[in-house]
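Student: Please take a close look at a single part of this structure. Start from one residue in it and work outwards to the rest of the chain.

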Amino acid sequence: MPQIPEKIHELTVGQLAARSGAAVSALHFYESKGLISSRRTPGNQRRYSRDTLRRVAFVRAAQRVGIPLATIREALAELPEERTPTRDDWARLSETWRAELDERIRQLNRLRDHLTDCIGCGCLSLDTCVLSNPDDAFGERASGSRLLVEKQRRTVGGRPTP
């Protein structure tokens, strides 16, 4: 991994990509989403402060565990003066995200456990199918494939019906 001399306080996008392991396109995307920022030189080239390396590492670690970019951006925006996240920041934020991740794990386990129930069928329209109709939201109103019937009633020949 290329070392950056201590006297260099700003990185080009290529240097940031090489040091962080993130693609240049990913860095541009992160910047467009407000996760990192750069300044522009008189020649309109991006320059990133050295602490952007830690922000990129923070973003990539959060992404790896399934945290949405919007949530990561909100967390970074809460830091004073948009400073680089510290170990304490990560501990606090990861504790906040833990409940969200636990809920996702429960949902994925439920889907996995019910997936084998539907493999043989293939129609995904079973009365109790938890994949196509979780919690049987439409079963309260009527049985069968009601969405298609209701849509057909509302339109006749492409025109809405009264």
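Tutor: Leu 93 is found in helix α5. Helices (H or I, at least four residues) and strands (E, at least two) are DSSP runs, numbered from the N terminus. The model is a predicted one, in which local features need pLDDT of at least 70 and side-chain atom pairs count only at pLDDT 80 or more, while totals for chains, interfaces and linings use all residues. Residues are numbered from 1 along each chain as its sequence is written, and side-chain values use heavy atoms, with hydrogens and water left out.

Leu 93 has a relative accessible area of 6%, so it counts as buried. Buried means under 20% relative accessible area, exposed over 50%, and partly exposed in between (1.4 Å probe, protein chains only). If neighbours within four places in sequence are set aside, Leu 93 is in contact with Phe 58 and Ala 75; contact means heavy atoms within 4.5 Å. The C-alpha atoms of Leu 93 and Ile 72 are 9.3 Å from each other, and these two residues are 21 residues apart along the chain.

One of those contacts, Phe 58, leads to the aromatic rings. There are 3 aromatic pairs in the structure. In one of them, Phe 58 and Trp 90 meet edge-to-face, with 5.2 Å from centre to centre and 90 degrees between the planes. Rings of Phe, Tyr and Trp (its six-membered ring) pair if their centres lie within 6.5 Å; planes under 30 degrees apart count as stacked, over 60 as edge-to-face and the rest as tilted. This pair joins distant parts of the chain, since Phe 58 is in helix α3 (residues 52–64) and Trp 90 is in helix α5 (residues 87–119), 32 residues apart. Phe 58 counts as buried because its relative accessibility is 5%. Trp 90, at a relative accessible area of 29%, is partly exposed.

Phe 58 also pairs with Trp 97, and here the rings are tilted: the centres are 6.2 Å apart and the planes make 55 degrees. Again distant parts of the chain are linked, with Phe 58 in α3 and Trp 97 in α5, 39 residues apart. Both Phe 58 and Trp 97 are buried. Together, Phe 58, Trp 90 and Trp 97 make up one aromatic cluster.

Phe 58 also takes part in a contact between helices. The axes of α3 and helix α4 (residues 69–77) come within 10 Å and cross at roughly 140 degrees. That angle makes α3 oblique to α4. Axes are lines fitted to C-alpha atoms, for helices over the stretch in contact, and angles run from 0 to 180 degrees between N-to-C directions. Angles under 35 degrees count as roughly parallel, over 145 as roughly antiparallel, 65 to 115 as roughly perpendicular and the rest as oblique. On the α3 side, Arg 55, Phe 58, Val 59, Ala 62 and Gln 63 make the contact, and on the α4 side Leu 69, Ile 72 and Leu 76 do. Ile 72 of α4 is the residue whose C-alpha atom was compared with that of Leu 93.

Helix α3 also holds Thr 52. With a relative accessible area of 3%, Thr 52 is buried. Apart from neighbours within four places in sequence, Thr 52 is in contact with Leu 16, Ile 36 and Ser 37.

Leu 16 lies in helix α1, and its relative accessible area is 0%, so it is buried. Beyond four places in sequence, the residues that Leu 16 touches include Leu 27, Tyr 48, Thr 52 and Val 56. The C-alpha atoms of Leu 16 and Leu 27 are separated by 8.3 Å, with their positions 11 residues apart along the chain.

Leu 16 and Leu 27 belong to another helix pair. The axes of helix α1 (residues 13–20) and helix α2 (residues 24–32) come within 9 Å and cross at roughly 105 degrees, and therefore α1 and α2 are roughly perpendicular to each other. Val 13, Leu 16, Ala 17 and Ser 20 of α1 make this contact with Val 24, Leu 27 and His 28 of α2.

As for the whole, the protein chain has 6 helices and 5 strands. From the N terminus on, its elements run β-α-α-β-β-α-α-α-α-β-β. Buried residues make up 23% of the 162 residues in the chain.
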